[in-house]
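Me: I should like to learn how to read a model of several chains, feature by feature. Could you take me through it in order?

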Number of protein chains: 12
Amino acid sequence: MTSERILVLHGPNLNLLGRREPGIYGFTTLPEIDAMLTREAERLEVVVTSQQSNSEGELVSAIQAAWGRECGIVINAAAYTHTSVAIRDALAASQLPTVEVHLSNIYRRESFRQHSYIAPIAIGQISGFGADSYWLGLQALVRHLRQPTTEASEA
Amino acid sequence: MTSERILVLHGPNLNLLGRREPGIYGFTTLPEIDAMLTREAERLEVVVTSQQSNSEGELVSAIQAAWGRECGIVINAAAYTHTSVAIRDALAASQLPTVEVHLSNIYRRESFRQHSYIAPIAIGQISGFGADSYWLGLQALVRHLRQPTTEASEA
Amino acid sequence: MTSERILVLHGPNLNLLGRREPGIYGFTTLPEIDAMLTREAERLEVVVTSQQSNSEGELVSAIQAAWGRECGIVINAAAYTHTSVAIRDALAASQLPTVEVHLSNIYRRESFRQHSYIAPIAIGQISGFGADSYWLGLQALVRHLRQPTTEASEA
Amino acid sequence: MTSERILVLHGPNLNLLGRREPGIYGFTTLPEIDAMLTREAERLEVVVTSQQSNSEGELVSAIQAAWGRECGIVINAAAYTHTSVAIRDALAASQLPTVEVHLSNIYRRESFRQHSYIAPIAIGQISGFGADSYWLGLQALVRHLRQPTTEASEA
Amino acid sequence: MTSERILVLHGPNLNLLGRREPGIYGFTTLPEIDAMLTREAERLEVVVTSQQSNSEGELVSAIQAAWGRECGIVINAAAYTHTSVAIRDALAASQLPTVEVHLSNIYRRESFRQHSYIAPIAIGQISGFGADSYWLGLQALVRHLRQPTTEASEA
Amino acid sequence: MTSERILVLHGPNLNLLGRREPGIYGFTTLPEIDAMLTREAERLEVVVTSQQSNSEGELVSAIQAAWGRECGIVINAAAYTHTSVAIRDALAASQLPTVEVHLSNIYRRESFRQHSYIAPIAIGQISGFGADSYWLGLQALVRHLRQPTTEASEA
Amino acid sequence: MTSERILVLHGPNLNLLGRREPGIYGFTTLPEIDAMLTREAERLEVVVTSQQSNSEGELVSAIQAAWGRECGIVINAAAYTHTSVAIRDALAASQLPTVEVHLSNIYRRESFRQHSYIAPIAIGQISGFGADSYWLGLQALVRHLRQPTTEASEA
Amino acid sequence: MTSERILVLHGPNLNLLGRREPGIYGFTTLPEIDAMLTREAERLEVVVTSQQSNSEGELVSAIQAAWGRECGIVINAAAYTHTSVAIRDALAASQLPTVEVHLSNIYRRESFRQHSYIAPIAIGQISGFGADSYWLGLQALVRHLRQPTTEASEA
Amino acid sequence: MTSERILVLHGPNLNLLGRREPGIYGFTTLPEIDAMLTREAERLEVVVTSQQSNSEGELVSAIQAAWGRECGIVINAAAYTHTSVAIRDALAASQLPTVEVHLSNIYRRESFRQHSYIAPIAIGQISGFGADSYWLGLQALVRHLRQPTTEASEA
Amino acid sequence: MTSERILVLHGPNLNLLGRREPGIYGFTTLPEIDAMLTREAERLEVVVTSQQSNSEGELVSAIQAAWGRECGIVINAAAYTHTSVAIRDALAASQLPTVEVHLSNIYRRESFRQHSYIAPIAIGQISGFGADSYWLGLQALVRHLRQPTTEASEA
Amino acid sequence: MTSERILVLHGPNLNLLGRREPGIYGFTTLPEIDAMLTREAERLEVVVTSQQSNSEGELVSAIQAAWGRECGIVINAAAYTHTSVAIRDALAASQLPTVEVHLSNIYRRESFRQHSYIAPIAIGQISGFGADSYWLGLQALVRHLRQPTTEASEA
Amino acid sequence: MTSERILVLHGPNLNLLGRREPGIYGFTTLPEIDAMLTREAERLEVVVTSQQSNSEGELVSAIQAAWGRECGIVINAAAYTHTSVAIRDALAASQLPTVEVHLSNIYRRESFRQHSYIAPIAIGQISGFGADSYWLGLQALVRHLRQPTTEASEA
C-alpha cells in the first residue's frame, strides 16, 4: 500500500515563527513544526511535504502543482486567509480535501481576522491550539482520507 | 498520578444524531460518539463524562457544576453557540480551558451560524469533521492540559 | 381511516392570553383557543393535541417527541420566533410539516419581531388574524397533509 | 342581507401561473384559482371579483376604484410587494381591510423578497401555501369582516 | 412677452386628495389645488398645466412630452419619489428646471419616505406645508426662471 | 391687529455669505438677505428679527429667548443642521412653528449633509433656492400662522 | 398600611457572584446582596423577595407569578438582558413597574452587551455601581411607587 | 433552416437617445440602433424585432408575449434594471436566454445603478460600450444559441 | 473631616425644566432639583455645587475647572450626551469619578438618543427616573466615594 | 497601416481552465482561448499578445510594461478582480483603454464576487458568456479603438 | 520679503496637555509646544500665532478672522475633528491651506476617532508623533506655501 | 557613533511616478524622491536604503529582511495599504518603528482608500503632501528614534 501524500502550506510571515514576538506566537519555529509533522506522519504512515511562501501567487501555484501529486492539503494561509480569493479559487479548483489551521484563536483577534475566504471550501477549520493546530489538522485530514464512506456534509 | 477529568457537553438536538437527517449529520449516534470518546479517553489516560441537554439553563448549570471537579470542557453547544450569552458567561466564569467543536463546517451554512459567542472565550475551535471533531477536540484539550508551559496566547 | 394527529405548540407568555393586555392581544384565552381548535379538528376529522411552555428547552423536547407520533405541527413560538435557533433546528430535524402562526401582525411591530428563525423551515406563515391565525393554520396544515401530490416548492 | 363584496387582486406575472415553471409555482392556473375562490365565496355567501394586471398603475387604480364598492381586498401583489410604495399608499388610502397572500414561502427565497411594503398596512399576511394561500386569505378576510367586535390590534 | 409655461405633475393616489384620510392629507382636493395654482399663475403671469397619473410610465412620458413645450416642472411624485429611477432619468433628460414638492413633511414619516431619487436632480425641494407646498413650489420656480443670472449652485 | 413676530436664525459661517466662495453660495450677503426679508415682512405685515451666530450654545439660547416673544422661527442652522441635537431640543421645547431653510440643495452634497436633526420637528423644509429659500420660508411660515384651521399633519 | 411587595430577580450565573472572578465582579456574594436588600427594605418599609435562575423559562414564569402578588420588580437579567425577548414580553405583560439593574457598566463592555431588550419597557436603568446598583434600584422603585402623581414620561 | 428570432427590448427614456444629453449618451438615436441591429441580424441570419416602452407593465407583458415566439432576448431595461422585480420575474418565467446590455458603464455611476435585478437571471451582462453594447449583446446571444452543447454554468 | 465636594452639571435646555413641555419632562424646575440635591447633600454631609449651560465649550471648561476642587461629578449632559466627544474627553482628563444621569428613559426614545459618548468613561449610568435620577446619582456617587476599597471593575 | 496591438491578461487559476471543474468553467483550455483570439485578431487585423499569471505583482508589472507598446487591454483578472487595488491602479496609470471580461456571470455567484475594483476604470465589462466573453471583449476593444470620435462617456 | 503668517489652532482640552494623563499625552505642555513652534518659525522665517479654545463657535470665528491675515493654518481640532461640520465649513470658506495634526495615532483609538470631518478639506494629515506632529505640520505647511508651482492634487 | 539605518519602502505602481498621470501624482520621479531622501539623510546623519516592488510577497520579505539590519521603516504601501494584512503582519512582527506615508490625501479619494491596515501598527501616518510626505516621514522617524525617552502612547 502506498502512503497518502499530504501537502502542508504555510502562508506569509510564518517563516518568522519562534524568532519574533514569541509572546504572541510561542517559541516553536517553523522547521520544528515541520519536523514534528514529519514524525507524526511516519507514525500515521503518510508522507508530508511542506512549503512556505510570502507570495500569494506562489501559494496559488503550489496548490495548482499539488493536483495529481498530493492527496490532501493542510493550509495555514495566515494573512491571506482573510484577503485572498485567488487561494480560495486555487483550492476549490484543486478539488483536494483541505484542512484550514490557525495557530491563534482568530475569534479573539481583530474583526478583520474573523472572516476566512478558505473556510467555506475546506472540510473544516481548526484554530487556536498553537503548533498543535497543525498536529490536529494532520490527524483530521488522515482520518478524513481513511474513513470508508465519507460522512455526508450539509448543503 | 490522577487522571485529568474532562466534561463533554452536547447542546440541543444533538440527542437526535444518527437517527434523523443522516444525510446531513451522518449515521453516528450520540451514544456512539460518547463511547468512542470513552475509549479514546482510556488511551489518553483521562476520564470523560458527557451530558446532553436541550435547555440553555441546564447547560449553564452543568458548566457551573464543573468548577472544582473537572479540568476542562469540550463543548458542542449546537444552536446555542449562536444565541447564548449565558453559556458564554458560564464558561468564562468557570475559568476551565474549553474547546469548542462542531460536527458540520459552520462556515458553509446559514450566515447566522457563522457567529459564535463561545469562540472568543475558548482556547480554540474545531469545526467540520463530523464525529471526528469531538475526537480532535479531546486530543486538543489533553495536549493543552499537559503542555509543560502554556504557549503565550495573543492579546 | 385513522385521523391525522396534529401538535399545536404555544410559546412563552401565551398562557397569559386574554387575561392581561386585552387591548393588545384580545379577550380570548388560551384554553378557549385550544377548545376552538378541538372543535374545528373534529369537523376536519383530525386529532389536535396542544402544549404551552415558557421554556425554550421544553419546546425543543416537545418537538422531538412529536417525531413518529404526530403528522404536523402548528406553532406560535411567540418571543422564541425571533431568538431561537434551537427550535428551528428541532423543527427541521423533525421533518414534520410545520405552519407558523402569530396572533398579531408582526410586520407592524418592533423591527426585532420582523425576523423569524422558523419561517424559512416552515411550509408557510400566517400572521395578524388574532385567534383566527390558529384556525387558519390548522386549515392550512390539514389541506397540505391531504393534497394528493405536494405542489413543488421553489428552490 | 347583502353579501359582502371582496376584491381579489393578482399582481404581475401571475397570469402565467400553471403554464410556466410548474416546478416552482405548481400546475394550478389563475382561472382555476379564481374559480376555486368563486365556489368558496358562494359557500361563504360573499361575492368575489378578481383582477390581474402587470401594471403597478393599474393596480393602484383598481384599489382606488374599490372604495365604496368593495368590503375588503385579498391581494397577491407578487413582485410589486417588494417595490411598490404606490400600492401600499393606495391600500392605506382605501381604508379597506386587506389580506396579503403569497403562493410561495417568501422567507425561503431571495432576501429582497423578504420585505413587504404591504404587510404593515394589511390586517395580516399568509404566505407559502400555494393556491391554498388565496383560499386561506378569503377565509381570514370573511371572518375578520364578520367578527362582532374587532379584536384590538397592537399599536 | 410670452408667459412662461409650467407643468405641474401629481403622482399616484393624489387624485384621492381631500376625499380620503383628511386627518392625514387635509380637506383640499386636487382640483382645488389646481384651481389655486391657476389663480396664482395668472397673478404671476405664467401658464400652468397640470396632470395626474397613477402610472410611472405615464409620468415618464408626460415629462418627455414637456420638452420644448414647458419652461419648468413642479412635481409631487408621491410614492414614486422613493422608488422611481425612471422618473428621475426623465427629469434629468428633460433638462427642465424642476421643483420637488411634498404635502407632508417626509422627514416625520417612515424611513423609506426620507429618500428621494428626484431631489438630487431638482433645483430644490419643499416639503411639509400641505397644499401650500405647491404654491411655494410655483413661486420658487417662477423666481428661478426670472432671475437675471442664475446663482451658482455648489458642485 | 398686532403683527406676528418672526425670528430668523442664521447658523455658523453664514456671516461669510457673498464675501467668500461666491461660486458656491452666490453674491448675496447676509445683510442683503435680512434687508430683503424685512421688505417682504412689511408687505406681509409681520415683524422680522434676525440673528446670526457661529456658536451652537448661543443659537440654543436665542431659541429659548424666543418663547413668549416670537410667533414662529425661520432657521438655516447651516452646519449645525447635521450635528446639533441641542438645537433640535430647543426648537421642540419652544413649541414655536419652525420652518427649516437651506441655501443649497443639500441632497446634491456630501451624504452627511443629507440628514437633518431639525426636519422632523419642523413644519417643513425648503432647500436649494439660494436666498429665495429664506423668502419662501417666510411665506410658508406666515401662511401657516394665518390659516384658519391648521391642516392635520400625518402622524 | 400594608408594605409594598417587591420582587428582585437575578439572572443566569449571578449565583456565582463573589466566588469566581472577584477581580471582575467583586467579593460580594448574592446572599450578601439579598441580605443587604432585606435590611434596606425594612428601613424603607417594603417587603423584598428574591429569586435567582439560570433558566430563561423559569424567569419568565417567575415574572408571570408576580402578577397580583408584587408591586414592582427589580431585575438584573444578566446575559438574558441581551438575548431574551421572552423576558421582555413577560415584564410588559405583567404591567408591573420594573427597574433594570446591572452590576457592571455595560457600556464599557463588548458591544453585544450594550443592547438591552428590557430597557425600553422598564421605568429606567441603573448600571455600573456594583452591588450598589441593586440598592439604587430598590430606592428608585420605592420612590416611583410612592410618588403622589406619576411624572409624565415622554412618548 | 429557420432563422432564430430575437427580441430587443429598450426600457424607459431610451426613446430620447441621441436627441438629448448627447454629451452623456452620444448622438446615435434609437432608430439608428435598431437599424444597425437589423443589418447585423441579416449578416448573422437571425430576425430581430425591437420594442421600447416607458412602462414597467408593458415591458413585463412584452416579455410574456415573447414566449413561444422568440428564441432569446437582448434587454436594456435602463432605469428599471435597478428597481423592477417584475421584469426579472417575467424574464425568469419566460425561460428565454437573455443578455443584459447597458450603454454606459454602470459601475462608474451612482451607487444605486450598480445593482441589477436582471443580471442574476441573465446569461450575462455587457455594459459600457455605447451603441456597441447592443451589437455585442446580439453577437453574444447568437453565439449562445448556436453553440453545439451549452457550456455548463456555475451553480 | 472635610465634606466631599460634588459638582452637578446640567446640559443644554435643562434650564427650561418644568416650564415647558411638562407632559414630557414633568413639573419640577431646575432650581427645585438643585434645592432638593442641596437638602440631600446636607443629609449625606457632602457639598453640592451646580451649574447649567447651553454651551458645549462652557461645559468643557467647567469640567476642567473641577479638577483639584471637586471630588466627583454628577452630569446630565442632555443633548450633548449624544454628540459631544469634547465633554467625554474633558471628563476622562479630569479623572474625577462621574455619574451620568438622564431624566427620561433614553432607551424609549429616538435611536440617536440611545448612544452616549459619556457612559463608557463614567462609573455608571442612571436613566428614566425623572428628578429622582439626580437624587439616585448623588447617592451612587457618595457611596462610590466612601466605599473602603473600590470594587474592581471589569476590563 | 500598422495593426493595433492588444494585450490579453489572464489572472490567477485561469491556467487550469478546461482541465479542472469543467462542470463550472467548461472544457475549453486557456491555450485554446488564446488560439481563438489569435484567429479572430487576424480577421480583425490586430495583433494579440496574451499572458497568464497567478501573481498579483506580475500582473501589475505586465500592465506597466504595456505602456507605449500596446493600444489596449482585455483583462480577466479572475480572483484579483475583487481584491486588487494594485491592478486597478496599474490600469488607471497605464491610461490604456481596458475591457474587463469574466467567463462566468459574476452576478450569479457569491456576493464577494459581485464587486469589481476594475470596472470603474474600464471602458466596460462583459461577463457570463464563457470563452465568448473574451471574443466579445476583443470585438468591443477593437470597435472602441476604431470609432472615429469617441462617444462621450457619462460623468 | 515679508514672512508668511501661520495660525496654529488648538481645540478643546488641549490646554490640559502635560498636566493631566501624561501617561497618555506626554509631559509637554501647550505653552511648551507653542514655544517650540515659535523657535522653529524663526528658523523657517515665518510668523506663528497660536490660539486654544474649548468652544466650537470660537474656533469657527478664529478661522473666519484668519482670512486676509494669515497665509495658512495648522489645526489640531481634537474632539471637534470628529464632530464639527462647522469647523470644516469655516476652513473650506477661508480657502487657506490647512494642515491637520494629531498628537496621538487616531487609527489606534476608538472607532469614532478614526473619522475626520477636516481631512477631506485639508492639504494633508499628520497623526501619531506627539508634539512632533505640530513640528512636522509646520514644516509641511511652509514647504507647501513655498513650492514654486503647486503640485497638482488628485481629483 | 554609528548612523541609524532606515529602510524606505515603495509599493506597487510607484515606479511610474512622474511619468504617468502627472496631473494626479506630480512630475517628481521615484529616483528623484530617493535622491532627495539621500541628501536629507546626510544632513540628518542617517543612512537611507530604498526599495520598490509591485509584489506584495516581495514587500513582506523585504520587511522581514530589515530585522536586525535597519532601525526603522518609512513605507508608502500604495494600493497594498488598503488590502494587505500580510504587510501589516510583517511590520508588526518586525517590531521596527514604522512611519506610513502617502503622496495624496487619501481622505479625499475613493472610500476604499480611506482604510489603512498599516496605520494601527505604525507610529503615525502622514498623507497628502506629495513628495514632501516622504521628507516629513523621514524627519518624523529620525526624531522618534532620537528622542531621549519615548513619549507614552495612548492605549
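Reply: The discussion below goes from the single chain to the relation between chains and then to two unusual backbone angles. Please keep in mind throughout that this is a predicted model.

Me: Let us begin with the fold. How many helices and strands does chain A have, and in what order do they come along the sequence?

Reply: One lists the elements from the N terminus onward. Chain A has five helices and five strands, and their order along the sequence is β-α-α-β-α-β-α-β-β-α. The radius of gyration of chain A is 15 Å, close to the 15 Å that the globule rule gives for 155 residues, so chain A is as compact as a globular protein of that length. Its C-alpha trace spans about 45 × 35 × 25 Å along the principal axes.

Me: What share of the residues of chain A count as buried, and what share of its contacts joins residues 24 or more positions apart?

Reply: Burial is judged by relative accessible area, with under 20% as the cut-off. By that criterion, 66% of the 155 residues of chain A are buried. As for contacts, among those in chain A with a separation of 6 or more, 77% are between residues 24 or more positions apart.

Me: How should the surface of chain A and its charges be described?

Reply: Chain A exposes about 5500 Å², of which carbon and sulfur atoms supply 52%. Chain A carries 12 positive and 16 negative charges, and the mean positions of the two sets are 3 Å apart.

Me: Now to the assembly. Which rotation superposes chain A on chain B?

Reply: One looks at the angle of the turn and at the shift along its axis. For chain A on chain B, the rotation is 180 degrees with 0.0 Å of shift, and the RMSD is 0.0 Å. That is the relation of a two-fold axis. The same surface serves both copies, since 100% of the contact residues of chain A recur in chain B. Within chain A, Ile126(A) comes closest to the rotation axis, with its C-alpha at 2.2 Å.

Me: What turn and shift lay chain D on chain C, and which residue of chain D comes closest to the axis?

Reply: A turn of 180 degrees with a shift of 0.0 Å along the axis lays chain D on chain C, at an RMSD of 0.0 Å. In chain D, the residue closest to the axis is Ile126(D), at 2.3 Å (C-alpha). The interface residues of chain D are 100% interface residues in chain C also, so these copies meet through the same surface.

Me: How far apart are the nearest C-alpha atoms of chain B and chain J?

Reply: They are 12 Å apart, and chain B and chain J do not touch. Chain G and chain K likewise do not touch, with nearest C-alpha atoms 12 Å apart.

Me: Finally, the backbone angles. Where in chain H does Glu45(H) lie, and what is its phi?

Reply: Most residues other than glycine have a negative phi. Glu45(H), which is not a glycine, has a positive phi near 60 degrees. Glu45(H) lies in the loop between α2 (30-44) and β2 (46-52) of chain H, and is exposed, with a relative accessible area of 52%.

Me: Is Gln95(H) buried or exposed?

Reply: Gln95(H) is exposed, with a relative accessible area of 57%. Its phi is positive, about 55 degrees, although Gln95(H) is not a glycine. Gln95(H) is placed in the loop between α5 (85-94) and β4 (98-102) of chain H.

Note on methods:
Residues are numbered from 1 along each chain as its sequence is written. Chains are lettered from A and ligands numbered from 1 in the order in which they are written. This is a predicted model: local features need pLDDT of at least 70, side-chain atom pairs count only at pLDDT 80 or more; totals for chains, interfaces and linings use all residues. Side-chain values use heavy atoms; hydrogens and water are left out. Copies are superposed by least squares on the C-alpha atoms of residues with pLDDT of at least 70 in both. Contact means heavy atoms within 4.5 Å. Helices (H or I, at least four residues) and strands (E, at least two) are DSSP runs, numbered from the N terminus. The radius of gyration is taken over C-alpha atoms; the globule rule is 2.2 Å times the number of residues to the power 0.38. Buried means under 20% relative accessible area, exposed over 50%, partly exposed in between (1.4 Å probe, protein chains only). Accessible areas come from the Shrake-Rupley method with a 1.4 Å probe; for residues, only the protein chains shown count as cover. Lys and Arg count as positive and Asp and Glu as negative; His and the chain ends are not counted. The place of a charge is taken as NZ of Lys, CZ of Arg, CG of Asp or CD of Glu.
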